[in-house]
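Q: Please take a close look at one part of this model, and describe how its strands pair. Say also how far the prediction can be trusted.

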Amino acid sequence: SCGRGSESPREAVEVEHEENSPYGFCPDSLQCIEGKVKNGQFFSTLMMHLGMNAQQAYDLTQACPGVFDVKNLRVGNAYKAYYSEDSSLQYVVYDRDRTSCIIFHCQAPYKVCVHEKPVSVESRYADVTINTSLWVDMRNAGVSPELIVSLSDIYAWTVDFFGLQKGDRFRVLYEEKLCDGEVVAVDTVRYAIFTRGNQDLPSIM
């Protein structure tokens, strides 16, 4: 979804568009600078830091309502600023969270869009035996820490996760969501079995 600010007498700079580009413009045709939002930086000061003047930053802010709340700019979140050959700022792509970004069109007519990144779901099976700690052994097995949170919820009343013993075993069939090659969530746990000694505690969702 996009929001557009009021028209400006200045014409927008023509930028090559690529139909298959997820951003709606061709990043390869522009120079890119990457950064992260710094402590004490506000939306307008960030945009002025990247090359807009105060009036331009204000006009871009006016295009944000309904699409992005500028007060939700988060310290540490990454952004990419794209410039034309004459070093004028054309676009800023701000990572709102792990699965979406905000695209700011920094030339009039100002426009703000939300881009939802593609998310895939994959089924996985984990078989982890405790040797040191659940966290370490899960990580060593290549399992996302997100699964630990799900398991702690499933076995909240039957397993003391602070009292796990060496040799305890978890077997889990689950689905995880991936975005940009990274696990962003454990979507569904299909079944889980916790084993201590000869006792199995199965849980089927």
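A: What follows deals with strand pairing, after a note on confidence.

The model is predicted: local features need pLDDT of at least 70, side-chain atom pairs count only at pLDDT 80 or more, and totals for chains, interfaces and linings use all residues. Residues are numbered from 1 along each chain as its sequence is written, and side-chain values use heavy atoms, with hydrogens and water left out.

The chain has a mean pLDDT (the predictor's confidence in each residue, from 0 to 100) of 88, with 90% of its residues at 70 or more. By element, strand β3 has the highest confidence, at a mean of 98, and β1 (residues 2-4) the lowest, at 57. Over residues 5-19, pLDDT stays under 50. Where pLDDT is low, the predicted coordinates should not be read in detail.

The part in question starts with β8 (residues 169-179) and β9 (residues 182-196), which pair in the antiparallel sense over 11 bridges. Strands here are DSSP runs of E, at least two residues long, numbered from the N terminus, and two of them pair if DSSP finds at least two bridges between them. Within this pairing, K177 stands opposite A185 of β9. The hairpin has two residues between its strands, and D180 takes a positive phi near 55° there.

β9 also pairs with β10 (residues 199-204), again in the antiparallel sense, over six bridges. Here T195 has D200 in β10 as its bridge partner. This second hairpin, too, has two residues between the strands, and in it G197 takes a positive phi near 65°.

Definitions and conventions:
Helices (H or I, at least four residues) and strands (E, at least two) are DSSP runs, numbered from the N terminus. Contact means heavy atoms within 4.5 Å.
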